[in-house]
Amino acid sequence: MDLLEYQGKQLFAAHGVAVPSGEVAESVADAVAAAERIGYPCAIKAQVLIGGRGKAGGIKIAADRAEAEAHAGAILGMDIVGPHGEGPFRVDRVWIEGGSAIAAEYYASVILDRGEKKLLAMVSAKGGMDIEAVAAEDPGALVKEHIDPTRPFTAAAARPIVERAGLAEDALDEAAEALAKLAETAMAEDATLIEVNPLIVTEDRDVVALDSKVTIDGNALYRHEGLAELDAEAIDDPQEAMAREKGLTYVKLDGNVGILANGAGLCMSTLDVVAQAGGAPANFLDAGGGSKAEAIVDALTVISSDEKVSAILFNIFGGITRCDEIAKGIVEASSRIDLGVPLVVRLDGTNSEQGLAILAEAGLPDLHQETTMLGAARKVVELAGSGS
Amino acid sequence: MSIVVDEKTKLVVSGLTGREGSFHGLRNKAYGTYLAAGVTPGKGGQDVEGVPIFDSIREAVEGEGANTSMIFVPARFAAPAIDEAIESGVETVIAITEGIPVLDMLQTYWKAKEAGVRLIGPNCPGVLSPGKANVGIIPAQFFDPGKIGVVSKSGTLTYQIGNELKQAGEGNSSIVGIGGDPIIGSDFIDILKLYEADPETELIVMVGEIGGDAEERAADFIAAEISKPVVAYIAGFTAPPGKQMGHAGAIISGSSGTAQAKKEALEAKGVRVGESPTETAKIAVEVLRG
């Protein structure tokens with residue numbers, strides 16, 4: 001799960017990383033009241049989970065009450081599209097924080113390096129801009145160092161990294177301290193990514209995290225109660241929220257072909273094959289191993305509640321999952337919910353013959369059986385049409 | 001020969017007294033795997049259908065000569081259970097459990113490395129060597145003994161491809177599910193090495209998916225070290241960035257970890273990549289038969 005900027009900063013603060021103090025607001029009135037308490041100039045920042053907020057007009061500096069009101073009014077409710085076309089994300093809250101006197105902007109991050117199986121610390125003196133571009137243009141400007149998993153990562157261990165990155169001499173101690181604390185935050189909070197861009201040095205020579213990007217390992221949420229609550233409230237897509245409640249692994253996409261498969265790999269592959277057949281998948285839904293009838297009812301309820309869906313594909317290869325159970329689930333679901341769209345079913349693997357017999361006997365209207373994955377993909381694309 | 005598990009495997013299952021553990025452990029036994037023992041702390045001295053239960057893995061190693069451990073315990077207790085297995089004296093640990101916190105696995109990974117123990121998984125379906133042994137949840141009925149070694153991040157996708165190979169009349173030396181988590185004990189490269197050294201394996205099918213750079217690393221390794229033909233499949237071309245697609249490791253971060261990049265990296269090193277599971281199986285059969 002990804003944290004909003006202010007949530008990440010709160011996490012930093014809890015681990016001793018300096019951040020500007022601020023307040024979150026969901027209305028213009030609250031934002032103005034917060035700005036009045038904080039004082040001017042203050043920054044009013046859109047809280048959405050994408051980069052490029054500044055360019056999109058989602059971050060503004062207010063010099064007085066009138067500007068705070070105007071900026072909060074403009075930012076709250078705006079739609080922000082990410083640099084890679086993500087979103088749009090509607091801004092439903094802003095973070096108001098005191099203005100910082102910036103002497104220098106750096107970059108610092110601690111991420112999980114999957115390939116090397118270690119945490120990787122990265123520091124650059126060139127902060128405040130797109131770090132991927134910095135790394136591409138001038139690889140030497142981004143200093144990377146793996147963290148030894150068997151030893152504590154102290155400020156002393158962090159010091160050579162910030163030195164090599166060429167940060168200002170009189171900021172090295174504090175920057176090393178900050179980097180060590182960011183790593184501590186990652187380990188204590190089960191973060192797989194912590195990025196601070198920019199990490200600033202103020203005119204008073206304090207090192208402060210002016211932004212935050214934090215990803216928490218979803219598998220570890222059980223031991224972080226506060227973060228788990230944030231995760232639950234972060235879902236604003238109605239289907240994703242419904243799926244979460246029912247314990248289904250679901251990802252909303254923007255096409256019109258509803259998809260259910262068993263196993264994450266097979267499900268991803270099903271999306272690809274549908275796309276190759278000229279269709280646009282509406283979702284990813286992994287029914288999991290050993291899917292029972294009740295899970296199928298839940299899955300179909302979620303998929304069919306998406307109004308864009310004009311046909312649904314069931315792609316099941318039964319291993320542990322038994323195809324007769326899946327078939328029973330389909331029959332049960334059809335009696336309980338009105339799908340209103342055609343269903344293409346491909347059952348293969350364990351007990352597929354029994355499953356197919358159950359479906360044939362039920363004689364469900366608008367149910368189409370296919371024997372291969374490719375055939376099923378072509379059929380569902382044909383039935384789904386253009387979706388308009 | 002096969003790799004990782006075979007007729008010399010003496011299996012100890014952590015969680016054998018649980019519902020999932022007993023179902024799959026006994027299924028593995030019914031397939032012909034030598035199931036030496038089960039482990040559940042506090043239940044030592046009991047048995048599950050004649051299989052002795054011990055309080056610790058070490059006792060099962062000492063008492064029954066177990067050399068392979070399978071972990072079936074719930075996610076939040078799994079990392080310590082894997083650690084226990086690593087320290088118990090077994091050669092191989094196969095962790096099926098899904099949902100283990102990744103930073104726990106980071107610690108466990110290095111413990112296994114240091115101890116020289118082969119760790120497969122977590123979040124994997126296990127390893128099957130057709131006709132010899134099955135450790136995990138792979139449905140053995142879709143696989144015959146044969147010449148194709150399979151290594152995969154995904155379970156059902158592997159069954160799909162295995163079934164197509166079987167229908168085409170080909171079988172497998174082994175099927176290794178390495179798991180869909182960001183940190184796994186054995187990567188493609190570790191398993192490719194074993195297949196290269198296995199005389200029974202004549203061709204390798206590698207099934208990857210979005211996220212991380214294990215496929216790209218494997219591509220370089222194949223070019224440098226693997227003499228046997230490799231055919232690959234990659235899932236997740238339609239996955240959007242930033243969304244976790246079921247597996248904890250299946251996520252495109254920014255612009256890295258895409259299926260397209262993996263396909264291109266493999267093809268650049270001469271590895272043929274199938275468009276679909278069906279085409280992948282077809283290419284494998286074609287290459288195998290020359």
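Me: Hi! Which domains does the domain assignment give for chain B?
Reply: Hello! This is a predicted model, and the assignment splits chain B into domain 1 (10-120) and domain 2 (139-288).

Me: How far apart are the C-alpha centres of those two domains?
Reply: The centres of domain 1 and domain 2 of chain B are 26 Å apart. Where the two domains touch, nine residues come from domain 1 of chain B and nine residues from domain 2 of chain B.

Me: Which elements of domain 1 give two or more residues to that contact?
Reply: On the domain 1 side of chain B, those are helix 4 (102-115) and strand 7 (118-120). Helix 4 of chain B has the largest share there, with five residues.

Me: And how do the residues on that side divide into nonpolar, polar and charged?
Reply: The side of domain 1 of chain B that touches domain 2 has eight nonpolar residues, no polar ones and one charged.

Me: OK, zooming out. How many helices and strands does chain B have?
Reply: Chain B has nine helices and 14 strands. Its C-alpha trace spans about 55 × 40 × 30 Å along the principal axes.

Me: What is the radius of gyration of chain B, and what would a compact globule have?
Reply: Chain B has 18 Å, and a compact globule of 290 residues would be near 19 Å, so the two agree. Also, 60% of the residues of chain B count as buried. Among contacts in chain B with a separation of 6 or more, 72% are between residues 24 or more positions apart.

Me: Switching to chain A. Into which domains is it divided?
Reply: Chain A has domain 1 (1-19 + 102-234), domain 2 (21-99) and domain 3 (238-384). The C-alpha centres of domain 2 and domain 3 of chain A are separated by 42 Å.

Me: How many residues of chain A are in contact with chain B?
Reply: On the chain A side there are 44 residues, in contact with 48 residues of chain B. Helix 9 of chain A brings the largest share of the chain A side, 11 residues. By class, that side of chain A has 20 nonpolar, 16 polar and eight charged residues.

Me: I'm curious about strand 16 of chain A. Which residues lie on its two sides?
Reply: A:Asn283 and A:Leu285 are on one side, with A:Phe284 and A:Asp286 on the other, and all of them are buried. Strand 16 of chain A runs antiparallel to strand 14 of chain A, and four bridges join them. In that pairing, A:Thr249 stands opposite A:Asp286.

Me: What about A:Glu86, where does that one sit?
Reply: A:Glu86 is in the loop between strand 5 (79-80) and strand 6 (89-90) of chain A. A:Glu86 counts as partly exposed because 18 other C-beta atoms lie within 10 Å, and a residue needs 20 or more to be buried.

Me: Which residues is A:Glu86 in contact with, leaving aside neighbours within four places in sequence?
Reply: A:Ile50, A:Val81 and B:Gly242. A:Gly51 is 35 residues away from A:Glu86 in sequence, but their C-alpha atoms are 9.7 Å apart in space.

Me: Now the core. Which residues touch the most other members of the largest nonpolar core?
Reply: Of its 224 residues, those are A:Val94, A:Val123, A:Leu179, A:Ile259, B:Ile71 and B:Val93. Helix 6 (residues 172-189) of chain A gives the most to this core, eight residues. In soluble globular proteins, nonpolar side chains tend to be buried together.

Me: Which residues does B:Ile71 touch, not counting those up to four places away?
Reply: Its contacts include B:Ser14, B:Ala78, B:Ile82, B:Val93 and B:Ile96.

Me: Last topic, backbone oddities. Where is there a cis peptide bond in chain A?
Reply: A cis bond joins A:Tyr40 and A:Pro41, with omega about 0 degrees. A:Pro41 is in the loop between helix 2 (28-38) and strand 3 (42-46) of chain A. In chain B, the bond from B:Gly121 to B:Pro122 is cis too, with omega near 10 degrees.

Me: And what is the phi of A:Lys117?
Reply: A:Lys117 is not a glycine, yet has a positive phi of about 60 degrees. Most residues other than glycine have a negative phi. A:Lys117 is found in the loop between strand 8 (102-113) and strand 9 (118-124) of chain A.

Notes
Residues are numbered from 1 along each chain as its sequence is written. Chains are lettered from A and ligands numbered from 1 in the order in which they are written. This is a predicted model: local features need pLDDT of at least 70, side-chain atom pairs count only at pLDDT 80 or more; totals for chains, interfaces and linings use all residues. Domain bounds come from an automatic or database domain assignment. Two residues are in contact if their C-beta atoms, placed from the backbone, lie within 7 Å. Ala, Val, Leu, Ile, Met, Phe, Trp, Tyr, Cys and Pro count as nonpolar, Asp, Glu, Lys and Arg as charged, and the others, Gly among them, as polar. The radius of gyration is taken over C-alpha atoms; the globule rule is 2.2 Å times the number of residues to the power 0.38. A residue is buried if 20 or more other C-beta atoms lie within 10 Å of its own, exposed if 12 or fewer, and partly exposed in between; C-beta atoms are placed from the backbone. A nonpolar core is a set of buried Ala, Val, Leu, Ile, Met, Phe, Trp, Tyr and Cys residues joined through C-beta atoms within 7 Å. Two strands pair if DSSP finds at least two bridges between them.
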